[in-house]
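Please open the model in a viewer and keep the selection tool at hand. The stops below proceed from one selection to the next.

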Amino acid sequence: MQFSAQQVAGMLNGTIEGNPDVSVSKLSKIEEGVPGSISFLANPAYTQYIYGTQASLVIVNRDFVATAPISATLIRVESAAAAFAKLLEMYNQVKLNKTGISKHAYIADSAKVGESIYAGEFAVISDNARIGNNVKIYPQVYVGDNVVIGDNTTLFAGVKVYSETVIGSNCIIHSGTVIGSDGFRFEPQNEEGSRKVPQIGNVVIEDDVEIGANCAIDRATLGSTILRKGVKFDNLVHIAHNVEIGENSYLAACNVVAGSTRIGKNCMFSGQVGIVGHLQIADNTIITAQSGISKSINKPNEVYMGSPAFDANKYRKAYIHFRNLDALVQRVDKLEKKQ
Amino acid sequence: MQFSAQQVAGMLNGTIEGNPDVSVSKLSKIEEGVPGSISFLANPAYTQYIYGTQASLVIVNRDFVATAPISATLIRVESAAAAFAKLLEMYNQVKLNKTGISKHAYIADSAKVGESIYAGEFAVISDNARIGNNVKIYPQVYVGDNVVIGDNTTLFAGVKVYSETVIGSNCIIHSGTVIGSDGFRFEPQNEEGSRKVPQIGNVVIEDDVEIGANCAIDRATLGSTILRKGVKFDNLVHIAHNVEIGENSYLAACNVVAGSTRIGKNCMFSGQVGIVGHLQIADNTIITAQSGISKSINKPNEVYMGSPAFDANKYRKAYIHFRNLDALVQRVDKLEKKQ
Amino acid sequence: MQFSAQQVAGMLNGTIEGNPDVSVSKLSKIEEGVPGSISFLANPAYTQYIYGTQASLVIVNRDFVATAPISATLIRVESAAAAFAKLLEMYNQVKLNKTGISKHAYIADSAKVGESIYAGEFAVISDNARIGNNVKIYPQVYVGDNVVIGDNTTLFAGVKVYSETVIGSNCIIHSGTVIGSDGFRFEPQNEEGSRKVPQIGNVVIEDDVEIGANCAIDRATLGSTILRKGVKFDNLVHIAHNVEIGENSYLAACNVVAGSTRIGKNCMFSGQVGIVGHLQIADNTIITAQSGISKSINKPNEVYMGSPAFDANKYRKAYIHFRNLDALVQRVDKLEKKQ
């Protein structure tokens, strides 16, 4: 993608100041600008960088006043921040605008695919799968039997979707993520060891869900493991069988949610949080990094910390005392000696 | 799979009560029953749901007495729970009963494969690999050079098995899991940085092992990393080089076992447990979630908690005091003032 | 690979003692030697094993004096340890010496690949990718558009590299690892939920980097997520957008580094460490297992422990008091009663 200053000014409804003959092919931060890149200046704290930037084009606010010579060509717009956000969006759309079914993809005869889909090399779409319109299935993705995928959803390279999974519209699932693997459930049997409990439920992912790379989301034993509308996962998240994650809840990297736990709406869990099975977590719960939840949380809007976790403010206070335990012990020593 | 009430009754040795002309294609919980599904009632606590269930068929105990009209067709059997478990098993077997070698799979000329195997699209079976009978190799699986896989083992889509790995019979390995990657071992060398220690051992997995999705099990430096018979892993488990996991031990999600540690039989580790390298862990050890083991455990049948972990009961007691540290500090303040 | 005693002695500049007609095909530890394997004796603590080993060949130091009969053929060399290390290296090179482009690999017409590369079955090299000489791309690897990979780098089976990623020379990336997935960044928008911030930066990996299996390294929002020369990661490591890891820093399994954090040179982090976003970590910092870093570390060469972490020695002392909190509480009880 190569754009002239004219083209960019046209797209952003801006006016050119300086050499109109430059062209750009990438976006950069102003302090990291290189020739052939376009940057922007919105935050006054970065103004110093505009005088030395190597970027070929810089988007500035209409009222920006230079106090020294600038080698870059400027494009003046109403809001530099908004204009750059628009550019980012456009760049991203072009970058991800894959279409067409590779002749190296495998699509089962019984599968039904929508219009304008992309199916990359060595992707597999299995028996009776139903793929919506504008779905992007990158190379080496596996879509199992009877899987349903809604419109405009993207599965990046190497995603693995087991049979019977249902994925909504406008979802994004990153590489390496596995959806629909068996839940971890065994029953003690006899002296011969345990017996695997068949896992014949599925995973249901509603619309507008984004899942990071290398996550693992198990199917339900019976019924469904459910990610509600707008759920967002970072990388390497584990979701056990029969879990339900409420609308618009965010789970950061390496979260672990054990079996049958139900998490409310609009929750925010930091990295490496662990949650025991068969719990209920109220809406708007916030959990700090590395915390472990061992009991249901019934009151919404609370913040938890520790392992096992309790109220974050109380945890922080207790932790300060923990750091100073040596001094406390010495104080008790002294009290005992004085007796 | 579509079954009539007659067929189901025949399979389960049951008697039909109600409309014999219904047919079903899936299994459901009684409280989530939908038309075309079959459910069961065994636990009396769920009896209320049978009167409103949308399920087309419900399996009940021979002696069940209805106290209100039921729209579903009933199948009476000796034990509804056992009959439903049998159905689950049968359903699962049918669902997973893949066979045949896809013309899009790649099998090296020097590889030997057994009878009735399944090899899905874009699977790779490399030089001199030996694959047993009834093995299921799903699409996009990679089986490296000289790998040996026993009878009836299943590798789900996208499993990666490095060269020289040995996998036993009746194992199940879920998507995205990597077996045989290099151990993490480097030797400080000189000012040029570290030198990688070649990792030329392998991984040996005995019979009846199940491994979840996106796990990573490193090969030994020399010799073997070993998972003994009946070991079960949940998702995202990391096993370092030269580790040995004893028979029938269970590791929940996101466990980390560092290099050369040997874990005994029948251990149970909850999620996010970490174990330092070069330790011995006794048989029947239980470790609670998020705990970290930093010393060998010589006494079997104990429960550990904390990071670093110690006896779980003592930990819980200490943790209660930790939660109340603020009160303790105030008590000491008071004692000091009184002097 | 089959080698006669003569060949091995030649390669190692050693002298044969015993039956010169044996040949070997694998390497073993002396205590686990099997017929057809070659082992070595360097550590005197293992001398006992040489008299009973089943290994066919054993490398010993020039001055080794046997005190009982040995059935294995010996090869005497200046340094048995160095000779065996050389053998390991050679064995590994042969094992990994894959070459040739499979006719089942897909290489886009616009991609440029160097000399002597290996591209395995169902590997994908996308538009405008530039692959150096002697690069090994194992089966089912995905290399996205515009990716650059330096000479002698190895990507094991199933690695996924998103578009625009830059990987240096002499790197090793293990199976299942994902490089360049989107950062986890959303902006609160309105009642309709959050808006995804386009992630259009990339990942830059410098020379001599090794990354374990099933890691996930996110691309930058703008600019680059950077792993400097000599960085080593164990398995299942998560690196968020815009992070920078300094030269020769080592991250053990299941580390999590949140967005925009900059880590110095020569750091060593044990397993399951978590680091909050937007921090600076000084050179040579050591962090113990399961610790959580919540504040920048400005002083180099320090050791941290705990969650949140502080000085490791102080942590250990406080933790001893924590273990004994019950006794401390009883002492305070007693003091109160005596008043």
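A residue is called buried when its relative accessible area is under 20% and exposed when that area is over 50%, with partly exposed covering the range in between. The model on display is a predicted one.

**First stop: two loops of chain C**

Select C:Asn284, in the loop that joins strand 36 (280-281) to strand 37 (286-287) of chain C. Is C:Asn284 buried or exposed, or does it fall in between? Its relative accessible area is 28%, so C:Asn284 counts as partly exposed. Its phi lies near 60 degrees, a positive value in a residue other than glycine.

Next, select C:Gln272, in the loop between strand 34 (268-269) and strand 35 (274-275) of chain C. For C:Gln272, too, phi is near 60 degrees, positive although the residue is not glycine. With a relative accessible area of 9%, C:Gln272 is buried.

**Second stop: cis peptide bonds**

Stay in chain C and display the backbone from C:Ser307 to C:Pro308. The peptide bond between these two residues is cis, with omega near 0 degrees. C:Pro308 sits in the loop between strand 39 (303-306) and strand 40 (309-311) of chain C.

Now move to chain A and select A:Ser307 and A:Pro308. The peptide bond from A:Ser307 to A:Pro308 is cis, with omega near 0 degrees. The loop that holds A:Pro308 runs between strand 39 (303-306) and strand 40 (309-311) of chain A.

**Third stop: the domains of chain A**

Colour chain A by its domain assignment, which gives domain 1 (3-95) and domain 2 (100-313). The C-alpha centres of domain 1 of chain A and domain 2 of chain A are 40 Å apart.

**Fourth stop: where chain C meets chain A**

Show chain C and chain A together. How many residues does the contact take from each chain? Chain C contributes 62 residues and chain A contributes 53 residues. About 4600 Å² is buried between chain C and chain A, and carbon and sulfur atoms give 61% of that area. On the chain C side, select C:Phe184, C:Ile200 and C:Leu222, which lose the most area to chain A and together make up 14% of what that side buries.

The count of salt bridges between chain C and chain A is four. Zoom in on the side chains of A:Lys98 and C:Asp145, which meet in a salt bridge of 2.6 Å, N to O.

**Fifth stop: how the chains are related**

Two copies of a chain are related by a rotation about an axis and a shift along it. Superpose chain C on chain A: the operation is a rotation of 120 degrees with 0.0 Å of shift along its axis, and the RMSD is 0.2 Å. These two copies are thus related as by a three-fold rotation axis. Then lay chain B on chain C, which takes a turn of 120 degrees and a shift of 0.0 Å along the axis, with an RMSD of 0.1 Å.

**Last stop: helix 1 of chain B**

Select residues 5-12 of chain B, which form helix 1. Its buried residues are B:Ala5, B:Val8, B:Ala9 and B:Leu12. Why do they lie on the same side of helix 1 of chain B? They cover an arc of only 100 degrees around the axis, which places them there. An α-helix has 3.6 residues a turn, so residues three or four places apart point the same way. Turn the view to the face directed away from the buried side of helix 1 of chain B, where the exposed residues B:Gln6 and B:Gly10 are carried. Finally, select B:Asn13, just after helix 1 of chain B, which takes a positive phi of about 60 degrees.

How values were computed
Residues are numbered from 1 along each chain as its sequence is written. Chains are lettered from A and ligands numbered from 1 in the order in which they are written. This is a predicted model: local features need pLDDT of at least 70, side-chain atom pairs count only at pLDDT 80 or more; totals for chains, interfaces and linings use all residues. Side-chain values use heavy atoms; hydrogens and water are left out. Buried means under 20% relative accessible area, exposed over 50%, partly exposed in between (1.4 Å probe, protein chains only). Helices (H or I, at least four residues) and strands (E, at least two) are DSSP runs, numbered from the N terminus. The arc is that of the directions from the helix axis to the C-beta atoms. Copies are superposed by least squares on the C-alpha atoms of residues with pLDDT of at least 70 in both. Domain bounds come from an automatic or database domain assignment. Contact means heavy atoms within 4.5 Å. Buried area is the accessible area (1.4 Å probe) that two parts lose on being put together, summed over both.
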